Amino acid sequence: QSKVLTIGEVLVEIVATERGNGFREPVKLIGPFPSGAPAIFIDQVGKLGQAAAIISRVGDDDFGHVNLDRLKSDGVDVSGIDVDPLGTTGSAFVRYREDGGRNFVFNIRHSACGSIEIKGPAAALVETCTHMHVMGSSLYAPSVVEAILKATRRIKAKGGTVSFDPNLRAEILNSPGMREALAIVLGETDLFLPSGEELFLFSPADSEKEAVANLLKGGVKAVVLKRGAAGASYFDATREVSLPGFKVTEVDPTGAGDCFGATFVTFWLAGADPETALRYANAAGAKAVTRSGPMEGASTRAELDALIAEQRT
Ligand code: ADP
């Protein structure tokens, strides 16, 4: 059976209960919620019953244990999460603005997950896992970049597969070595999952078709384009499938792309046809936006089946 690995930040999110601009005035907060794009991704993979593991580092504190407990209970192998007695678990403070955008205060690079090493149980996971998922947003610190590139190359060299979600935010795009690392990861990628304009960041072109064609010519086997509420599209050398999004009321968009990607990868690894994988991924993305809290949006197979049955046309 295949086993999915990801590497990157595990943190808690603490959210302002009222909308507004940033944190320069006292504001009511709620949290901690388990978070981190790779953590949300792998939680959704585990929740679908697919073998899954994550390599990361947390402090030996409540913020770290909130994550370990959740991931473990959703079926994720957490043996690669190093619990550092001298470290502090990463955190992100988030406040939604009136315009729907978000302001963040991150403590990631200088927290436990700012340094991740592949040794001991983590090194064993790289040997046993058969699929690597890279979150572009995880390439935020030199040791993490090194760990991700090492695992990606190793899993590919063993005959495994690689998926890549750029998941880029302006706040982190200028981290040292990030752009170079993004290019290396793209070179190893089988399944590329950009969202909206991210496609053109990696494949500058005049049209979406041309951008996708150039990626496929460059060695990517399939491109899945996320289109928010409008749904998603799949492209490979011979097929093109687009499906509309499910109709839901958006409460919190955090984690939609991660749950979408996790579900697509899980179905793709199981050999599902692109239309089925896309339908379940759209359902997972839609379910994710209906719940507040980043990782709270992950769904079981039964919940996805229920949404699909409810909106079958
Ligand atoms: P990202 O979070 O990576 O920016 P998107 O915002 O495109 O990605 O969301 C990922 C997927 O989640 C979409 O392709 C879609 O399937 C689903 N999704 C996102 N927002 C909504 C929404 N408001 N209604 C229904 N589905 C949504």
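Is phenylalanine 93 buried, partly exposed or exposed, and at what relative accessibility? Select phenylalanine 93 to start: at 28% relative accessibility, this residue counts as partly exposed, because that class covers values from 20% to 50%. The model on screen is a predicted one.

**Stop 1: the ring partner of phenylalanine 93**

Add phenylalanine 23 to the selection. The two residues form an edge-to-face aromatic pair, 6.3 Å centre to centre and with 80 degrees between the planes. Phenylalanine 23 is partly exposed, its relative accessible area being 25%. Now colour by secondary structure. Phenylalanine 23 sits in the loop between β2 and β3, and phenylalanine 93 belongs to strand β6 (residues 90-96), so this contact ties together parts that lie 70 residues apart in sequence.

**Stop 2: the sheet**

Next, show the strands as a cartoon. Strand β6 is one of 4 strands in an open sheet, whose order is β3-β2-β6-β7 and whose pairing is mixed. At the edges are β3 (29-35) and β7 (102-107), each of which pairs on one side only. Step across the sheet and compare strand directions: ignoring direction, neighbouring strands are turned by 20 degrees against each other on average.

Select residues 11-16, which make up strand β2. Strands β2 and β3 run antiparallel and are joined by 5 bridges. For one position to inspect, pick valine 12, whose bridge partner in β3 is proline 34.

Keep β2 and β3 visible and add residues 62-73, which form helix α2. This helix packs on the sheet and touches β2 and β3. Between the direction of helix α2 and that of β3 the angle is about 50 degrees.

**Stop 3: a second ring pair**

Across the whole structure, a search finds 7 aromatic pairs. One was shown at the first stop; for another, select phenylalanine 164 and phenylalanine 202. Their ring centres are 5.6 Å apart and their planes stand at 90 degrees, so this pair is edge-to-face. Phenylalanine 164 is in strand β9 (residues 161-165) and phenylalanine 202 is in helix α6 (residues 198-202), which makes this a link between distant parts of the chain, 38 residues apart.

Switch on a surface to check exposure. Which class does phenylalanine 202 fall into at 17% relative accessibility? Phenylalanine 202 counts as buried, because the cut-off for that class is under 20%. Phenylalanine 164 is buried as well, with a relative accessible area of 0%.

**Last stop: the cluster**

Finally, add Phe192 to the selection. Ring pairs join Phe164, Phe192 and Phe202 into a cluster.

Key. Residues numbered from 1 in each chain as written. Predicted model: local features only at pLDDT ≥ 70, side-chain atom pairs only at ≥ 80, totals over all residues. Heavy atoms only, no water. Pairing = 2+ DSSP bridges. Helix = DSSP H or I, 4+ residues; strand = E, 2+ residues; numbered from the N terminus. Axes fitted to C-alpha atoms, helices over the stretch in contact; angles between N-to-C directions. Contact = heavy atoms within 4.5 Å. Phe/Tyr/Trp six-rings, centres within 6.5 Å; stacked < 30°, edge-to-face > 60°. Buried < 20%, exposed > 50% of the residue type's maximum accessible area, 1.4 Å probe, protein only.
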